[in-house]
Every structure is written in structure tokens, then in C-alpha cells.
Amino acid sequence: MSMRLNAKKRARACAPLLGVLILSVGQLSRAADIPPLPDLPALPDQKEWDAAITKFSQDKDPKVAANRHLVMEAEQDFAKSLRYGHVREIFVHYMAPQYVQHNPNIEPGREGIIHSFESGVAPPEIKTKPGEKPHRNSAIPTLVMAEGDYVALVFEAELPDPKDSSKTYIYNPTTIFRIENGQIVEHWGGPPKGAM
């Protein structure tokens with residue numbers, strides 16, 4: 001009986017290591033067919049990004065931690081693409097060819113989101129207009145929730161009040177990603193049609 005119990009304890013102790021090994025093998029096979037990221041400069045708020053990525057990538061489940069980390073790095077690089085370009089390379093790196101977009105303002109698929117960012121129709125909560133005051137940390141999530149293959153991000157954006165331009169208001173957009181084999185395969189989020 002005690003030998004059987006010890007074997008169970010050993011199996012439980014090895015389970016997290018096995019999960020990390022499986023994720024590592026998956027990442028290696030994923031890396032073979034995904035183009036590398038372009039070398040881009042740091043963002044002006046890079047220290048805040050680094051802290052948020054570290055904070056929100058934590059989870060006791062190694063798969064969920066890897067998914068959290070992937071989505072946080074993707075969000076950071078999406079913000080870089082708005083500032084420095086290289087939209088296509090960044091989106092092809094993070095988004096699977098079969099990517100599905102659930103935002104009525106963006107054309108379907110990976111090409112739709114790439115076109116949206118390349119043409120400047122990016123979500124208003126993360127792209128400021130020329131001459132406009134940058135919104136307070138609007139590209140950095142303030143809350144990240146994850147379960148299995150799903151990662152949800154909540155942002156806090158300070159936007160100009162459309163009824164009184166002398167005022168601003170806080171808007172909390174939420175976005176959800178589904179991860180498969182180390183890439184984003186599905187996304188939900190965005191304002192109602194025509195609001196972008």
C-alpha cells in the first residue's frame with residue numbers, strides 16, 4: 001500500500017514538469033513554421049509593460065501561464081505595431097492562419113485584422129489620433145483572467161467625452177482570445193458596428 005501511495009505522490013509531483021515539457025515541445029514545433037518577430041524599439045511605457053507581463057503571466061497551471069504570457073506579449077507587440085509598423089509580421093507571428101475575428105467592425109480572418117491595423121482603423125481605445133493626448137496606459141490591460149485556452153483582458157481607457165470635449169470618462173473595453181498550439185485562433189471584442 002505504501003509503495004502505491006509513494007508512486008501516486010511521485011506522479012503528482014511530476015505532473016507540472018510534464019506539462020512544461022509538453023508545452024516546450026509544442027512551442028518548438030510551433031516555432032518552426034511561424035516567422036520571427038521584427039526587432040522593434042521599446043515602447044515609451046516599456047517598464048509598465050514588463051511589469052504587467054510578469055504580473056499577468058502567472059498561473060499554477062503551466063498551460064494557462066503560457067497562454068497568459070502569449071496574449072500579454074501579443075498585446076504589447078500589437079501596441080508596438082501601431083507605433084512602429086511591421087503590422088503584418090507581428091500579426092502573422094501571433095495569429096494562426098485560421099484566425100476567427102468576432103468584431104463587426106473588422107473584416108473576417110487574419111487578413112481582416114491585419115488590414116484594420118495597416119489602414120489605421122485600429123481600436124480607438126489603443127490608438128490615439130494625431131495631436132491627441134495619449135490615453136492613460138490604455139494599451140496595457142488592468143485585469144487578466146484565464147481558463148484553459150481562453151484569456152480575457154480588461155483595459156482602462158480615458159477617452160474624451162463626446163458630449164463635452166472639456167471632459168473625459170473611463171471606458172473599460174474587454175477582449176477575449178482563444179489559444180491553440182501557441183497561436184491566437186479566435187478573438188471576441190470590440191465596440192458595436194460603426195463605433196470605430
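**A chat about the model**

Q: Leaving out residues up to four places away in sequence, what does threonine 142 touch?
A: Threonine 142 touches Phe56, Val154, Phe155 and Glu156, where contact means heavy atoms within 4.5 Å.

Q: Before we go on, what kind of model is this?
A: This is a predicted model, in which local features need pLDDT of at least 70 and side-chain atom pairs count only at pLDDT 80 or more, while totals for chains, interfaces and linings use all residues. Residues are numbered from 1 along each chain as its sequence is written, and side-chain values use heavy atoms, with hydrogens and water left out.

Q: Thanks. Where is threonine 142 found?
A: Threonine 142 is in the loop between helix 5 (109-118) and strand 2 (143-147). Helices (H or I, at least four residues) and strands (E, at least two) are DSSP runs, numbered from the N terminus.

Q: Is threonine 142 buried or exposed?
A: Threonine 142 is partly exposed, because its relative accessible area is 42%. Buried means under 20%, exposed over 50%, and partly exposed in between (1.4 Å probe, protein chains only).

Q: And what else sits in that loop?
A: Serine 119 is in the loop between helix 5 and strand 2 as well. Serine 119 counts as partly exposed, because its relative accessibility is 40%. Its side chain reaches the backbone oxygen of serine 116 at 3.3 Å. That is a polar contact: a pair of N or O atoms within 3.5 Å, where within protein one must be able to donate a hydrogen and the other to accept it, and residues adjacent in sequence count only if both atoms are side-chain atoms.

Q: Why is helix 5 largely enclosed?
A: Seven of the ten residues of helix 5 are buried, so the rest of the structure largely encloses it. The buried ones are Gly109, Arg110, Gly112, Ile113, Ile114, Ser116 and Phe117. Their cover includes helix 3, helix 4 (87-94) and strand 1 (95-102).

Q: How many residues of helix 4 are buried?
A: Six of its eight, so to speak of helix 4 as mostly covered is fair. Those buried are Val87, Ile90, Phe91, Val92, His93 and Tyr94.

Q: Changing topic: how many salt bridges are there?
A: The count comes to six, with a salt bridge being a side-chain nitrogen of Lys or Arg within 4 Å of a carboxyl oxygen of Asp or Glu.

Q: Which residue does arginine 88 form one with?
A: Arginine 88 forms a salt bridge with glutamate 111, and the closest N and O atoms are 2.8 Å apart. Arginine 88 lies in helix 4 and glutamate 111 in helix 5, so the pair ties together parts 23 residues apart in sequence. Arginine 88 is partly exposed at 35% relative accessible area, and glutamate 111 is partly exposed at 45%.

Q: Any others you'd point me to?
A: Aspartate 59 and arginine 68 meet through their side chains (3.5 Å, N to O). Aspartate 59 is partly exposed at 31%, whereas arginine 68 is buried at 11%. Glutamate 186 and arginine 178 also form a salt bridge, at 2.8 Å, N to O, and both of these residues are buried. Arg178, Glu180 and Glu186 are linked in a salt-bridge network.

Q: What about lysine 80, which side chain of opposite charge is nearest?
A: Aspartate 77, at 4.2 Å, so named because Lys and Arg count as positive and Asp and Glu as negative, with His and the chain ends not counted. Lysine 80 is buried yet has no salt bridge. Lysine 80 lies in helix 3 and, leaving aside neighbours within four places in sequence, is in contact with Leu40, Pro41, Ala42, Leu43, Gln46 and Gly85.

Q: How far does helix 3 reach?
A: Helix 3 (residues 62-84) has 23 residues and reaches 32 Å from its first C-alpha to its last, close to the 33 Å expected. The expected span is 1.5 Å times one less than the number of residues.

Q: And what is at its ends?
A: Aspartate 61 caps the N-terminal end, with a side-chain oxygen 2.9 Å from the backbone nitrogen of lysine 63. Just after helix 3, glycine 85 takes a positive phi of about 90°.

Q: Last one: in what sense do strand 4 and strand 5 pair?
A: Strand 4 (residues 157-161) and strand 5 (residues 164-171) are antiparallel over five bridges; two strands pair if DSSP finds at least two bridges between them. The two strands form a hairpin with two residues between them, and aspartate 161 stands opposite aspartate 164 in strand 5.
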